Structure formats: structure tokens, C-alpha cells
Amino acid sequence: MPGGRGSTIVKLGVFVGGEFTMLKNNGVEVKVIEMLQPLAAHNTYDLKFRSDAARIQGVSCLKGLEGLTVNPYDRSVVVTVLYLNFEVDQSVVARVLSQYGAVSDMRRVTYQEGELKGILNGKRQFRIAPKREIPPFLFIGLVS
């Protein structure tokens, strides 16, 4: 599956030392855990379960524990569309991209600094929750 972290990974926050003991004491068996990785942010971890079923059960056991946050990662990706005729409507592009997943957001990109700040630069971005591989190249619209 393209983009970001897998569906079996959740982000845990705010517990110190004895992580596996804390998980086990709250119904998450070590055998269903593939990885517990400390992140750069203090007291934050990526917890990877061995399956989606284990993740669902593990999150259910951990949700609501005092001093612990459990957050699944957003699996959406941002797709940037280049070299598309300016007149092609956003809805046409969204319709084509929807073959690869649910399109939740779209925007035309502008220059961010200098004299051209605020002027459209021809790029378009679409947020997609992919359900299948998105090809690196697509032809959209009519070629003249």
C-alpha cells in the first residue's frame, strides 16, 4: 500500500519505562506486537501490531487509559499533478484520481514567496486515501 505508515501502526504518547509491562497489564500481549519504536518526540512511540485484527483489539484495550494517547496514522497521501492544461477542471482530475482511492481535498498551488507570491504555479494537489497503487504518470485531459 502506498504512502505513509501501514494500517497496523499507531502512535502512542506519554508513558515512561516498562512499556511492554504496561501493554501486557492492559491486555496487549507481546506476541501481537511487531515493533515498539521510540520517536524523536519525548515519550512518544510507534507501536506496530502483527495484523489489523491485533491493532483493533490492542487499540480497544489501550483507549481511555489515563496518561496514554493512542492515535492511528492518517493513511492518506498528497498527489501533486504537474503539466496539466490550466483549463482542465479540478473535478475532472478528481474523478480520474478517484479510481485509486477516495479524494478528500484538492487545491491549486501558488508561489509562496517573491513577486509571484499568490500566483498559481500550475501545480495541483489532491489528498487521497489510496485503495490501490497510484501510477507515477497519468494522462488527463485532451492533448492538442
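User: Which residues is Tyr 111 in contact with, leaving aside its neighbours within four places in sequence?

Analyst: One thing up front: this is a predicted model. In it, Tyr 111 is in contact with Leu 116, Lys 117, Gly 118, Ile 119, Leu 120 and Asn 121, once neighbours within four places are left aside. Each of those counts as a contact because heavy atoms come within 4.5 Å. As for its place, Tyr 111 sits in the loop that runs between strand E6 (101-110) and strand E7 (120-130).

User: Why does Tyr 111 count as partly exposed?

Analyst: Its relative accessibility is 35%. Buried would need under 20% and exposed over 50%. The value for Tyr 111 falls in between, so partly exposed is the label.

User: What about Met 106, why is that one called partly exposed?

Analyst: Same kind of check. Met 106 comes out at 38% relative accessibility, which lies between the 20% and 50% cut-offs, so it counts as partly exposed. You'll find Met 106 in strand E6. Beyond its neighbours within four places in sequence, Met 106 is in contact with Gln 90, Ala 94, Gln 125 and Phe 126.

User: Why is Tyr 83 called exposed?

Analyst: Tyr 83 has 82% relative accessibility, and exposed starts at over 50%, so the label follows. Tyr 83 is in the loop between strand E5 (77-81) and helix H3 (90-97). There's a backbone detail too: phi of Tyr 83 is near 55°, a positive value in a residue other than glycine.

User: What makes Thr 44 buried?

Analyst: A relative accessible area of 10%, which is under the 20% limit, so Thr 44 is buried. Thr 44 belongs to strand E3. With neighbours within four places set aside, Thr 44 is in contact with Lys 11, Leu 12, Gly 13, Gln 37, Pro 38 and Leu 39. Tyr 111 is 67 residues away along the chain, and the C-alpha atoms of the two are separated by 35 Å.

User: And why is Asp 46 called buried?

Analyst: Asp 46 has a relative accessible area of 3%, again under 20%, so buried is the right word. Strand E3 holds Asp 46. From Asp 46 to Thr 21 it is 25 residues in sequence and 16 Å in space, C-alpha to C-alpha.

User: Which residues have the most contacts inside the largest nonpolar core?

Analyst: Those are Val 10, Leu 12, Leu 23, Leu 47, Leu 62 and Val 70, in a core of 15 residues. Two or more residues each come from strand E1 (9-13), helix H1 (19-25), strand E2 (33-38), strand E3 (44-49) and helix H2 (52-62). There is also a second, separate core of 13 residues, including Val 77, Val 88, Tyr 100 and Ile 140. Back in the largest core, Leu 12 touches, among others, Leu 23, Leu 36, Leu 47, Leu 62 and Val 70.

User: How do you know that Arg 108 lies over the face of Phe 86?

Analyst: Arg 108 is 4.8 Å from the ring centre of Phe 86. The distance limit for a charge over a ring is 6 Å, so that part of the test is passed. The other part is an angle within 35 degrees of the ring normal.

User: How many aromatic pairs does the count come to?

Analyst: The count is 0. Ring centres have to lie within 6.5 Å to pair, so no aromatic rings pass by this rule.

User: How does the chain's radius of gyration stand against that of a compact globule of 144 residues?

Analyst: A compact globule of that length would be near 15 Å, but the chain has 21 Å. The C-alpha trace spans about 65 × 35 × 20 Å along its principal axes. Buried residues make up 32% of the chain.

User: In what order do the elements of the chain run from the N terminus on?

Analyst: The order is β-α-β-β-α-β-β-α-β-β. That fits a chain with 3 helices and 7 strands.

How values were computed:
Residues numbered from 1 in each chain as written. Predicted model: local features only at pLDDT ≥ 70, side-chain atom pairs only at ≥ 80, totals over all residues. Heavy atoms only, no water. Phe/Tyr/Trp six-rings, centres within 6.5 Å; stacked < 30°, edge-to-face > 60°. Core = buried A, V, L, I, M, F, W, Y, C linked by side-chain atoms within 4.5 Å. Buried < 20%, exposed > 50% of the residue type's maximum accessible area, 1.4 Å probe, protein only. Helix = DSSP H or I, 4+ residues; strand = E, 2+ residues; numbered from the N terminus. Rg over C-alpha atoms; globule rule 2.2 N^0.38 Å.
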